[in-house]
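Here are a few exercises to work through with the model open beside you. Try each one on your own before you read the solution.

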Number of protein chains: 2
Amino acid sequence: MISRKMTAMTRGGSAIRALFEEGARMAEKVGRENVYDFSLGNPNVPTPESVKDSIIAITEETDPLELHGYMSNAGYGFVREAIAQDLNARFGTNFSENNLIMTVGAAGAMNVALKTLLNPGDEVIVFSPYFLEYGNYISNFDGVLVDVPARPENGFQPSAGDLERAITERTKAVVIDNPNNPTGVVYTAETIRALAEVMERRSRELGTAIYLVSDEPYRELVYDGAQVPFLTKYYRNTLVAYSWSKSLSMPGERIGYLLVPDEAEEARTIYNAAVIANRILGYVNAPALQQRLIARCLREPADVAAYDKNRRALYDVLTGCGFDCVYPGGAYYMWMRTPTPDDQEFSDRAKKYNILVVPGRAFNCTGYVRVAYCVSHDVILRAAPGFKKLAAEYGLAKE
Amino acid sequence: MISRKMTAMTRGGSAIRALFEEGARMAEKVGRENVYDFSLGNPNVPTPESVKDSIIAITEETDPLELHGYMSNAGYGFVREAIAQDLNARFGTNFSENNLIMTVGAAGAMNVALKTLLNPGDEVIVFSPYFLEYGNYISNFDGVLVDVPARPENGFQPSAGDLERAITERTKAVVIDNPNNPTGVVYTAETIRALAEVMERRSRELGTAIYLVSDEPYRELVYDGAQVPFLTKYYRNTLVAYSWSKSLSMPGERIGYLLVPDEAEEARTIYNAAVIANRILGYVNAPALQQRLIARCLREPADVAAYDKNRRALYDVLTGCGFDCVYPGGAYYMWMRTPTPDDQEFSDRAKKYNILVVPGRAFNCTGYVRVAYCVSHDVILRAAPGFKKLAAEYGLAKE
């Protein structure tokens, strides 16, 4: 009755969703406070006070018909210009409103980018582990996902050599997610330079254009002074998908942008097509009130201190139990090797201690779990004995 | 460089967009107040005061992390339940939250519905003149639009006989838009019954399911006490796409719903798939703040008095000039026959009098123009002399 693509989707289910329901069942049995839910990527740092103040000020000060009316499908010019100037001040770039399209979050921006670029059968390279939704976004436009595993021995930095071997004449785009979900790894400037060199050389040799589509909802969540390279400075055919969901703790509000730099090949054609894609995919425009909100809260710093405190505590707890973790430079995820290759079995066994972690196969990478630390700090402390018992079951730590 | 589909789109341009730019050029020359712009479907009745009050109250009263956080991809249960109860009270239906998915406007709902239903090559019947964007929405999922012209002699009500002749075994859906953009016609219960009878009989004979997808952003904008039939009561395989863009004058805020009634074949499968489609199309969820806003403003009556006053005045002006118009029962559009079969030529000639109207070909129906009366009342009065001169050029009225 329904479309074949959607039939497959409804059968698949979602591992993260299943954990969410498991958590609800657990909470009924043992109480919400005794469930240690590290499965969700929902920000838990309070939304800045300026968001509240700005919504009220905007609503009080703006003529309602103007505030809630249609605008260009690309979004308000003054909002895009404010974002461009902020990027220019931070990254030494030279953007204007004409490089930005306001979108329904980064997910909206990714879909607009892929709709703009892909013909059926075009290949899109993604480094695993990756946010599994990329597969759906690529499939929306009948593209083919090509999975290039990032190597543990490289600290899960993507390898330029592996990328080179994966590029074909059908390669239309390479998607990266920096800082990375689920590994928490920040791709270094060195990594980006190596990837850019390969993409430039191969697209020249093949006579094709290979676009780098960078999904950056976690850009502001970095620790120890880490710098997230701004990719348009490293590779001209870069499109950036951004969202304020994480930095301003407002993922339900669906506000982000797609950036198309002038340096990209056929930048104006891509930009104009992306504005049309934004319209015909049914977004029409990013929500009006949220756009104005961003213009006011643009310089609000992300509050990373709480995530950083969790990051250190969780790393100490898990490595203290004998688990092997990637020490994350960004986002709010800890990527932990499971003491058995069967990450599903490990995730299932963790439930015995009311601990919920997402098996790596939910990111196309077995033998690991993702432990999200966007939780109350005391959840980490109270989960510690459970983690210790779990480790003991695998012979890692004494109880 | 960009996808073939999008290349075609960027070449096509939009007639309405071109008029918009023409209007801007005119405004520079003769002053904004001397441009009689009847081309845009942007609501001009003030947004109700309760929208402003509600946004402020919600923002002041709700914990920000909860207010702006993720919720189910279907939207908040309490918002969906409030909408269901309101529909039940108004239409004697029996919906619950489990029949509703909050969407990024009606355009989002249409895309979710079509993504859920269509396989490549599936046919979708649309009655022309129609909102041309339907063609893009259908093309997003590689469906095939089948255009069935509504007949002027039937007052642009869709004909069941014509529908019957257009149905094939590939017919997956019939899209209607009631009240209609661009004709302003309200489809009667008699029309709907006749269409339903044909769809029921033909789907039985063909052994297929034919879904009626009803796009209803103008449902509340009706005049003279007209009733817009609630379609799930007439045909069980109905999906309704709704938006508050017009009734609450907030089109920039992108808030609407998709309704899947229990009576529909495989209703649960369709509903579950539509929730996933809402996620993977990159909407993720309808904007959080706007969802809560709707729960508060649900019973706010649409202010149709101003549109009604414009409707009467414009009809008098145009028919007084000798033009032939469909007297609209709903929406805020007047559908006017051009005194030449070349509606583009007519629209171009109207610009001489600083009048902007959209040629019917922008709705796949030549020989007509759409005159949108969501304008200040005095624009209609001040445009009257221009319309008269225009009519005189075609020998319809004396100057």
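**Exercise 1: a sheet in chain B**

Before you start, take this pairing as given: E9(B) and strand E10 (residues 333-337) of chain B are antiparallel partners, joined over 3 bridges. Keep in mind that this is a predicted model.

Task: work out in which order the strands of this sheet run, and which strands stand at its edges.

Solution. Start from the pair above and find one bridge: B:Val326 has B:Trp335 as its bridge partner in E10(B). Next, follow the pairing across the sheet, and you get 4 strands in the order E9-E10-E13-E12 (chain B), an open sheet with antiparallel pairing. Now look at the ends: strand E9 (324-326) and strand E12 (358-359) of chain B each have a single partner strand, so one side of each has no neighbour in the sheet. Last, see what packs on the sheet: helix H12 (residues 305-320) of chain B touches E9, E10 and strand E13 (368-372) of chain B, and its direction makes about 10 degrees with that of E10(B).

**Exercise 2: two helices crossing**

Task: describe how H3(B) and H11(B) pack, starting from the angle and the distance between their axes.

Solution. The angle is about 125 degrees, and the axes of H3(B) and H11(B) lie 9 Å apart. An angle over 145 would count as roughly antiparallel and 65 to 115 as roughly perpendicular, so H3(B) and H11(B) come out as oblique to each other. As for handedness, H3(B) and H11(B) make a right-handed crossing. On the H3(B) side the contact uses B:Ser50, B:Val51, B:Ser54, B:Ile55 and B:Ile58, while H11(B) brings B:Leu289, B:Arg292, B:Leu293, B:Arg296 and B:Cys297. Sort the residues of this contact and you find 6 nonpolar, 2 polar and 2 charged.

**Exercise 3: where the chains meet**

Task: find how many residues each chain puts into the contact, and which helix of chain B gives the most.

Solution. Chain A and chain B bring 62 residues each. Several helices of chain B supply at least two residues to the side that touches chain A, among them helix H1 (4-12), helix H3 (49-61) and helix H10 (267-280). H6(B) gives the most to that side, with 8 residues. By type, the side of chain B that touches chain A splits into 32 nonpolar, 22 polar and 8 charged residues.

**Exercise 4: one arginine**

Task: is B:Arg204 buried or exposed?

Solution. First place B:Arg204: the residue sits in helix H9 (residues 189-206) of chain B. Then count: 10 other C-beta atoms lie within 10 Å, so B:Arg204 is exposed.

Key. Residues numbered from 1 in each chain as written. Chains lettered and ligands numbered in written order. Predicted model: local features only at pLDDT ≥ 70, side-chain atom pairs only at ≥ 80, totals over all residues. Contact = placed C-beta atoms within 7 Å. Nonpolar A, V, L, I, M, F, W, Y, C, P; charged D, E, K, R; others polar. Axes fitted to C-alpha atoms, helices over the stretch in contact; angles between N-to-C directions. Parallel < 35°, antiparallel > 145°, perpendicular 65-115°, else oblique. Left-handed = near helix turned anticlockwise from the far one by under 90°. Pairing = 2+ DSSP bridges. Buried ≥ 20, exposed ≤ 12 C-beta atoms within 10 Å, placed from the backbone.
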